[in-house]
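Trainee: I should like to take a close look at a single part of this model, namely the second domain, its strands and its boundary with the first. Please take me through it in one connected account.

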Amino acid sequence: MLNKIAVSAASGLLLGCSPVAQAGTADSVVVLQYHHVSGSTPAVTSIDPETFRQHLQYLQDNNFNVIDITSARDAIEQGGELPEKAVVITFDDGYQNVYENAVAALKEFEMPYTVFVNPELMRKHSGHYMGWEELKEIQKNGATIANHGQTHAHLIRKQEGESDEEWQERMRYDVVTAQQAIDENLGEQQKYFAYPYGEYNNDLRELLNEWGFFAFAQHSGPWSKWSEDTMITRFPASGIYANLNTLKAKLNSKAMPVSAYQPQEPLVAHDNTKPTISITLEEVDTFDDIRTDALQCFAGGSVLKPKWESKTQFSVTLEQDINIGRSRINCTAPSASESRYYWYSVALIRPDESGRWPD
Ligand SMILES: [Zn+2]
């Protein structure tokens, strides 16, 4: 694995912020997720250019190693070591304002990044999104261009009267033909997919797995060997999450060694208003470093105390009705040896009576 990273470094793809990428005991990567980089786009999915620059400065000043997505994948997949404080930067949607307001800064800081694009939307709304020429240009400078679906649809939401076959065909159009468009324009690319809205279910994961994709979600936690290939977590870094004070803890988070979890299916039944989440930790070498006595889960505004069924298994039950739409339950436990947190997040979607939910 270290050879891989060395090779990537030699080819200019690994552009660490610190002069020496330490080969420590790191086993996880923090993936940051951005959308717009602009002061005039919807606040919830935006970071203004000045704050974005502060993020890059912070990463550089604090010796984070910003690596490209493929170096991260190779290290995690092959069970190798990663540089300490490894970070992957990603942008969803490929907005033109990323080209205008982020690309120069990323180049200046020599940080690689990934842009997940929607080819059909690019075609229909040129100017709003980066076009193939811009993508080719940033690709030359070390950007990875990846797949966010053709249309940015709610993929797992069945359309009226849609059969299973029709749904699969729609998925094939949204995912596979989008990849074809990317490959035709930019040369054959690695298969990385970011779920629009971070929404997935087991059926969609199965298809992506079959088609050979690594897929990225929008609930949080470091990416590690305990992550599943079609459920890779990222930390949102836009909107309220752009605040560096809160982002610091996330950048320093450690992967919780989760070996099993319930519910397996993120789409819960409408009448399942207070789901119970059950998590099993693997008793790895570092297990004793996890302060399980101080583990807490957070859902909306409430703090949930875990109920330990055994040394390694706990459950939490929501105390308030879960909202209609997407929810995330974050569980964290302090490290016994350093001021960092182990982190694990569960994504759930609760539909309304008609099986829908807000954007
Ligand atoms: Zn998106």
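Trainee: To begin with the strands, which residue stands opposite Ile279 in S18?

Mentor: The residue opposite Ile279 is Phe314, in S18. This is a predicted model, and what follows should be read on that footing. The pair belongs to the contact between S14 and strand S18 (residues 313-317), two strands that run antiparallel and are joined by 5 bridges. S14, which covers residues 276-281, also pairs with strand S13 (residues 258-262), again in the antiparallel sense, over 4 bridges. In that pairing Val258 has Leu281 of S14 as its bridge partner. S14 thus has both S13 and S18 as pairing partners.

A further set of strands forms an open sheet of 5 strands with mixed pairing, in the order S12-S20-S19-S15-S16. Its edges are strand S12 (254-255) and strand S16 (302-304), each of which pairs on one side only. Within this sheet, strand S15 (residues 296-299) and strand S19 (residues 325-334) run antiparallel and are joined by 4 bridges. Ala299 stands opposite Ile329 in S19.

These strands may now be set against the domain assignment, which divides the chain into domain 1 (2-253) and domain 2 (259-350). The C-alpha centres of the two domains lie 25 Å apart. At their boundary, 22 residues of domain 1 are in contact with 18 residues of domain 2. Between them the domains bury about 1600 Å², of which 52% is on carbon and sulfur atoms.

Polar and charged pairs are also found at this boundary. The count between domain 1 and domain 2 is 10 residue pairs in polar contact, both residues being at pLDDT 80 or more. On the domain 1 side that touches domain 2, the elements that give two or more residues are helix H9 (202-210) and strand S11 (235-236). The residues of that side comprise 9 nonpolar, 9 polar and 4 charged. As for salt bridges, 1 is found across the interface of the two domains. Arg326 forms a salt bridge with Glu199, with 2.5 Å between the closest N and O atoms. The numbering places Glu199 in the range of domain 1 and Arg326 in that of domain 2. Arg326 also falls within the residue range of S19, a strand of the open sheet described above.

Key. Residues are numbered from 1 along each chain as its sequence is written. This is a predicted model: local features need pLDDT of at least 70, side-chain atom pairs count only at pLDDT 80 or more; totals for chains, interfaces and linings use all residues. Side-chain values use heavy atoms; hydrogens and water are left out. Domain bounds come from an automatic or database domain assignment. Contact means heavy atoms within 4.5 Å. Buried area is the accessible area (1.4 Å probe) that two parts lose on being put together, summed over both. A salt bridge is a side-chain nitrogen of Lys or Arg within 4 Å of a carboxyl oxygen of Asp or Glu. A polar contact is a pair of N or O atoms within 3.5 Å; within protein, one must be able to donate a hydrogen and the other to accept it, and residues adjacent in sequence count only if both atoms are side-chain atoms. Ala, Val, Leu, Ile, Met, Phe, Trp, Tyr, Cys and Pro count as nonpolar, Asp, Glu, Lys and Arg as charged, and the others, Gly among them, as polar. Two strands pair if DSSP finds at least two bridges between them.
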